[in-house]
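The account below takes the domains of one chain, then a helix pair formed between two chains. Please keep the sequence and the structure in view while reading.

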Amino acid sequence: MIARRREWWSQYTGLRNRGMNPSGFHVSQIKFYVILIPLSALMLLPIVYIISSAFKPPDELFAFPPRLLVTNPTLKNFTDLFSLLSTSGVPISRYLFNSILITAITVAASVFISSAAAYALSKKKFRLKQALFAINTIALMFVPIAVTIPRFLIIESLGLLDNFWVHILPVLALPVGVFLLKQFIDGIPDDVIEAAQIDGASDLRIYWRIILPMITPALATIAILTFQAAWNNAEISTLYINTESQRTLAFYLSTLTSTTTVNAVAGQGIAAAAALIMFVPNLLIFIILQRQVMSTMAHSGLK
Amino acid sequence: MGTSTIAQEQVAQERARTGWPGFGSALRDWFNREGSAYAFLAPYSLLFIIFIIIPVAAAILLSFTFFDAVQPPRFVGLDNYIALITQDDTFMRYVLPNTIQFAVIVGPGGYALAFLLAWMLAQLPRLPRTIFALILYSPSMTAAVAMAVVWKTLFSGDQTGYLNSFLLTLGVITEPVQWLQSPQYLMTIMIIVTLWSSMGIGFLAMLAGILEISPELYEAAAIDGMNSRLQEIFFITIPSMRPQMLFGAVMAIVGTFQAGAIGVVLSGSNPTPQYAGQLIVNHIEDYGFLRYEMGYAAAISVVLLLMVLFFSRLATRLFGGGS
């Protein structure tokens, strides 16, 4: 009896579950939980705040002293949000529709454009290959915010101002996406491709039937990165779009918050409801695809 | 080199066969060999050139001009750069020190934090690790505009603000503090907010990197008598995942400079109150979009890009090379 109890205990104190990537609980992990649990709680605080405020009735939003958690949850903020028109008369459903359409097109286009480029940079042989990949790697260090002005001038001269495509095209130039995909495709053995070539497969067929199915984890990662860039983008609507009905949900949310210096509390519930609608798709997609993301990130090294 | 000699041979053969200097066929050869590679690259390259290369080139060119967006740019040589160093009092007194303070704390600080958290997470079983990683990453997937909602009410200046209310009930302060409007607090809040959202893809890459390291390395080291965790980190973990460390570092540097707009978002004004939260990015916006001195703003942009490049090179020195 005692021996068996000791055995039970040694499972959690012995060497088996110590160290990296353990398969179960071990006493040596307690110290990490002690640090990580309070820290995660702190990190979660703003998100708890958004969720809770989105469901707060007005009297709780105005309550003093303010309480973090909602006591009588209501959907009033959401119904208000959807019945509300922006100052120029555009209903929120329009912003939501724009955001969904733009994000869907951007994600789909980005997956194909980036993977095609990455395939060429990884598996094709051509003279400028090294140089082009080096340029893309330097572009990882590119800070778009630094060149807002020249970008504006170029978009203006291309006639893309107030054009639907301006939501999509700049987001597709995503060096980190091509970089991650290229590193991932490097892991596919050349034999596979050579075998297909001997069978007479064209490049397009190799890309479509061999490369794409083998890199789905990396594609999922690029999809997430592009999704975040497109869905969360308020800047493009602010800078390049003048027609209110062509703007995105993220932009609309920014108008709800930028005026809150006057009614910091009044618009709070509605803004929180909009923020929650912005946040939930991000969260769901990441949860669904997290396994793929982690396997892509293992190839992310920069040498 | 091998391919080019083969190509030359092919051209020579073609010439011998047709007796015609085969420019057309050399082009066709080239197209057969490399054409499809460029076809695959074309859509991305085009967008890359339009939205990254040309803007950077334009920024560099504009930085040597005076340009007010009304009249065509006028070449002024290095005047903008000289003015930036010698005459721009705001830049030297506030923007540069602020940027350095912000970058030094948020960059290396956020990076070290990301590594430590990844290191801790790697030593937990799969399920709790995934949950913690998701929580730590969640601020990075939240839109900046959504976060503005939170921070503004959290740090709201009247007594209904959460922080004020909390500190008032604790008795730490006796009257509400204008957190986001006070020069002495704005920078601290900016740093906290940015650190909070700094567990991005660099963090995920480092976590994946740590998990990829073969357990045999640790076992071998333990047999050789290595017994401290710190030794393990510095002699096994970090050297085995240099590429991910470098990727994480570059992402941290870019993120730090990209995050520069936060001060304006929080305080709701550019310039920020008494320039307390004014970073180089806001200075660019101030001159470019508010004063329409585009040439001067472009010069500041170039300085910013050079700063990012410099720090990335530094990181490459640290983690690059050996693999």
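In this predicted model, the domain assignment splits chain A into domain 1, which covers 2–13 + 26–81, and domain 2, which covers 85–297. Between the C-alpha centres of domain 1 of chain A and domain 2 of chain A the distance is 31 Å. The two domains touch, with twelve residues of domain 1 of chain A and eleven residues of domain 2 of chain A taking part in the contact.

Which elements of chain A give two or more residues to the side of domain 1 that touches domain 2? They are α2 (30–54), α3 (58–61) and α4 (76–83) of chain A. By residue type, this side of domain 1 of chain A has eight nonpolar, two polar and two charged residues.

A further contact joins the chains. Helix α5 of chain A, residues 92–123, packs against helix α2 of chain B, residues 23–62. Their axes are 8 Å apart and meet at an angle of about 140°. Angles over 145 degrees would count as roughly antiparallel, and α5(A) and α2(B) are therefore oblique to each other. The crossing of α5(A) past α2(B) is left-handed.

On the α5(A) side, the contact is made by A:Ile113, A:Ser114, A:Ala116, A:Ala117, A:Tyr119 and A:Ala120. From α2(B) come B:Ala37, B:Phe40, B:Leu41, B:Pro43 and B:Tyr44. How do the residues of this contact divide into nonpolar, polar and charged? Ten residues of the contact between α5(A) and α2(B) are nonpolar, one is polar and none is charged.

Key
Residues are numbered from 1 along each chain as its sequence is written. Chains are lettered from A and ligands numbered from 1 in the order in which they are written. This is a predicted model: local features need pLDDT of at least 70, side-chain atom pairs count only at pLDDT 80 or more; totals for chains, interfaces and linings use all residues. Axes are lines fitted to C-alpha atoms, for helices over the stretch in contact, and angles run from 0 to 180 degrees between N-to-C directions. Helices (H or I, at least four residues) and strands (E, at least two) are DSSP runs, numbered from the N terminus. Angles under 35 degrees count as roughly parallel, over 145 as roughly antiparallel, 65 to 115 as roughly perpendicular and the rest as oblique. A crossing is left-handed if the near helix is turned anticlockwise from the far one by less than a right angle, and right-handed if clockwise. Two residues are in contact if their C-beta atoms, placed from the backbone, lie within 7 Å. Ala, Val, Leu, Ile, Met, Phe, Trp, Tyr, Cys and Pro count as nonpolar, Asp, Glu, Lys and Arg as charged, and the others, Gly among them, as polar. Domain bounds come from an automatic or database domain assignment.
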